[in-house]
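Me: Could we go through the cysteines and then the aromatic rings of this one?
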Amino acid sequence: MNLFSKFIVRAVFRDPVRSVVTIAGLTLGVAVVVAIRLANVSSVQGFETALEVVAGKTSLEIVGAGVGVPETQLAELGWLRQYGRVSPVIDRTAQIETLDGSVSLLRVLGVDVLRDQPFREYRLLRFSEGDQGSSPQELLAALLAPTSVVLTERFASRHGVKLESPVRLRIGDTAHPMVVRGLLLDEGPARVIDGHLAVLDIATAQWLFDRLGWLDRVEVQLFVPDGIDIAEQEIAARLPEGLRIQRPAQRGRQVERMLAAFHFNLTALSYIALVVGLFLVYNTVAVSVISRRSEVGVLRSLGARRSLILGFFLGEAAVMAVLGAVLGTPAGWLLAQGTVRLTSTTVNTLYVTSSATVPQLGFEDWLLSGLIAVPLSLIAAAIPAAEAARVTPLAAVRDADHQVVYRDFPRKPAAAASLFFGLGAWMSTLEAVDGLPLFGLGAALAVVCGAAALVPILLEFVRRFGRETLTSWCGVEGLLAHANLSAAVARLAVSVAALVISLAMLAAIAIMIGSFRETVTYWVGQTLQADLFVATADRAPVGSTATISTAVERDIRTHPAVVAVDGFRGFDLPYGPEGDLIILGAGDFGVLLDYGGLAFKVPADGAAAMRAAVGRDAVVVSESFALKHEVGVGEVVSLDTPKGPRQFCVVAIYYDYSSDRGLVVMDRATFARHFGRQRPTGLTLYLDPDANAEEVRTELLAAIGPDRRIFIRTNATLRAEVLRIFDSTFAITYALEAIAIIVAILGVAATLLTLVLERRRELAILRLVGAGREQIRRMVVVEAAMLGLLSQGTGLVVGLVLSLILIYVINVQSFGWTIQFHLPLGFLAQSTILITVTAALAGLYPARVAAQIVGERVR
Amino acid sequence: MSVERKMKTVLQTSNLRKIYGQDANAVAALRGVSLTVDAGEFVAVVGPSGCGKSTFLHLCGGMDRPTEGRVMVGGVDLNELDDEALTRVRREQIGFVFQSFNLLPTLTLVENIALPVMLAGIPRAIYRARAEEGARQVGLSHRLEHYPSQVSGGELQRAAIARALVHQPVLLIADEPTGNLDSENGERVLRLLKTLTSGTVAILLATHDKALASAADRVLRMRDGTELPSPESVLVEPPQLGLELRE
Ligand SMILES: Nc1ncnc2c1ncn2[C@@H]1O[C@H](COP(=O)(O)OP(=O)(O)OP(=O)(O)O)[C@@H](O)[C@H]1O
Ligand SMILES: [Mg+2]
């Protein structure tokens, strides 16, 4: 141990910059992994907590197909009382305006208080000062008036709301004035979702949410909780067509499944920064081995065993890994705050509305960081450490210093590279595993490893053929830079590989996103033909259920410039054996065909097929639905309807990039036949060609009046909005990638610094024969820039290959989208310049250190 | 060559002192050495190990700054130059040869030889020709594209000499140039030094080698950082230095 502290710990301090950079790199790597994990957990957990809160002690729940449970059926379900207590529930979200002017999103529960009492722990209510606890009767009384709402104490104190305060609930296009009649104490259910809960009487809720005659579900609390399996089976058998029984947790699982691909890809991405960090560990240990070869030789000649040497260097890696994990875990927690903000927009826009908060760090988070960082670091360090253990005592006497090894063509890396590339090619042809692109990512990983193996070959190539070019570009500094790099090929290979990998990932992601964006832009141009779009919320998940009121629809339809209106209604529907949540949509096929512009994948004449579908039990499906559920044109899909499962024929597949969950769309008439008349959630307006959309919009808003909350967007703003959402979805991707590149550039700078420090003597000779400070500085900067340029050049090529895998394998397997390949040349050119400049800048510090070297003793 | 040139003073030091380190660790390596070297003159510096020969040479070559005293090279006081100007003086007026040959391992021999002229920004065609000429003069024409690790010690030192002279300096500073060579190679190096400078370049050479010192026009004998009085051009061998001087 004493020897360890002398030999390794002191060395860590002797080269503090490299140690700090490595630990910083590891810290960032661990932090990113922790952050993404916490963010993923929190977005699912945000939903699950909310679920738990409202599920309470419910053991089973009865749900209808898509639109809910018709209230009339409740009467037929009297027999349910044999099994347990029964409570009908309306479960929605709404925005609340408080007196302090703020608007917040609330979970709104509409319950029959007397029946619901045993289900949820809101016994503890306070109606007036000093009054502790209350009976259900009191709660009922509080809720009886149709303007009554009960909020939580936590929410109320945050927004200055008191008993009898007026508030407004925004539901759909209408803001309803309400009065706060009670406050839930800050415990139990109220606490878990941070107080964002409101309770209404069920009748009020049905009225406000346009759910008259419908229930969102019927909850059952069993008398004999242990008999749940039998009860579930028996009830399932007795339920009428169109109703299903399930356990509350199933909804959470559905959301989890829905987010799985999104989360999986984020997680995969987050590991890039860690991999780069591990390269730094490898690099640090390798450099530490190389620079202490003769010391190791001395130790060996003095009788140190191989295992001791191995232990020393592994110990060095372990120390750094532990530090990285210890620092990275809280850093990851901090990072997660930002990540949640970045991803919650995506999750809320594209998947579910949930208020995500980052969970506190637990012991297992620290443990997990350690379990990720330490073994991986040890693996990374194993190769150079094993090399150290092979050092013979001879190394002590032989001057290994300043020996330039001119090697043969690097055969081993070449073999490894071809092996990896072959593996990648093979894996890219394999199918997804359970909807996750495991082999696709495997292929990407193989290409990345292949690229890493390629680096020594490239460096060797540059060593052999680059001197003339570099000398003619940068003069004597170029020649010296080339000479220096040539001598350090073995050492540089790893840090350059790390940089190449992160740059390749950046290029790949840029190409993928660029292609995707281009595709979406094209698709939006094709599809968004309408002049105005009417919705009730400024942004909402695709299957949002807030409806447009009749009054508003009437105002709109009567405007003289409005030629045609397509009312769209969409909601979530479980589909298939796993109950995947798809989006079922209903639109006016006639209007869509006359005015709209769906882009069809199959058949070629999709419009004709769609026209033929009107009046039949036929649907058009989105590409991602077709891919995920393996459905083709002419095949039949079975959808749950209130009257039980029904068969629908797929007549066409169209391109859609609005959701990866998959859309099934039917004509309004068909929809009404199966699901009953439902108010639309959005309207698409086609105007007289002479009308000015902007003016019509203003007139419509004026006609509807300021009391209605309605959003009308013009074609141009909606297109801009789509791209804005698109960009915010990928903001996190770029953020993660930027971190990986920072880590990698730090790695290159640290390596250069090490090389400079090792070359002190040579630098002194250079100064002696007349090299000025400026020349030395330029030489090091040229080295750095050259490494940057080389890495970026390689990164671009490898990135191109990776982007093909991302676009044609991973994306298709996880989201089911066709993306047209498109090279974002501008971005790639910019990033090339940026990377080269950044690398050169990163060389400034080592350059300064190099230029300071003068008084070295030269003998 | 010409009489005027011969008479010109190339190097002049007065009362040169150098103290390394501070306080308890302070080492007085030089305690006042004054020397004048004229153009074309060959001055050998001898003395026991640790007497300050290398220190003296470093100061004369502008590699380090004295604690006290002055060094004038070509009439310019090195103390008054900033780093850049000092670099220029080294690059244009002085050549260096050391015991360990100090070639850059990453450059070929011809590149190593060309280095001073390359650094001066001379066009490639010219420096290349000059370096090849220099290599020819030291008999290395067949080794131009070899790396230092691929040639022998004697060849390395000859390359170092070519490098030291490629930019036609007025002063050559050589610190034990034969210290790492066998006697045969040592003699060859001496011959080269004498023929290549042929009276135009002043040489300041520190050595333990009696033969080398005896070839000099003048000998500066040092001990404990000071000069010992000695008869011109004659090497008087003090008995206590016998061991060091035998080689
Ligand atoms: N950087 C330094 N720091 C401290 N002391 C030094 C330093 N360089 C040299 N010295 C000391 O200064 C004295 C003179 O050293 P110098 O190298 O000039 O001797 P030298 O005559 O060249 O010896 P040798 O014949 O062994 O080469 C020695 O005592 C040496 O230890
Ligand atoms: Mg010496």
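Me: Is Cys60(B) buried or exposed?
Reply: In this predicted model, where local features need pLDDT of at least 70, side-chain atom pairs count only at pLDDT 80 or more and totals use all residues, Cys60(B) is buried at 0% relative accessibility (buried means under 20% relative accessible area, exposed over 50% and partly exposed in between, with a 1.4 Å probe and protein chains only). Residues are numbered from 1 along each chain as its sequence is written, chains are lettered from A in the order in which they are written, and side-chain values use heavy atoms, leaving out hydrogens and water.

Me: How many disulfides are there over all chains?
Reply: The search finds zero disulfides over all chains, a disulfide being a pair of cysteine sulfur atoms within 2.5 Å. For Cys60(B), the nearest cysteine sulfur is that of Cys51(B), 13 Å away.

Me: OK, rings now: how many aromatic pairs?
Reply: The count is seven over all chains, where rings of Phe, Tyr and Trp (its six-membered ring) pair if their centres lie within 6.5 Å, and planes under 30 degrees apart count as stacked, over 60 as edge-to-face and the rest as tilted. Among them, Phe516(A) and Tyr657(A) are edge-to-face, because their planes stand at 65 degrees, with the centres 6.0 Å apart.

Me: Are those two buried or exposed?
Reply: Phe516(A) and Tyr657(A) are both buried, and ring pairs link them with Trp523(A) into a cluster.

Me: What about Phe671(A) and Phe675(A)?
Reply: Their rings are stacked, 4.9 Å centre to centre with 15 degrees between the planes; Phe671(A) is buried at 4% relative accessible area, and Phe675(A) is buried at 1%.
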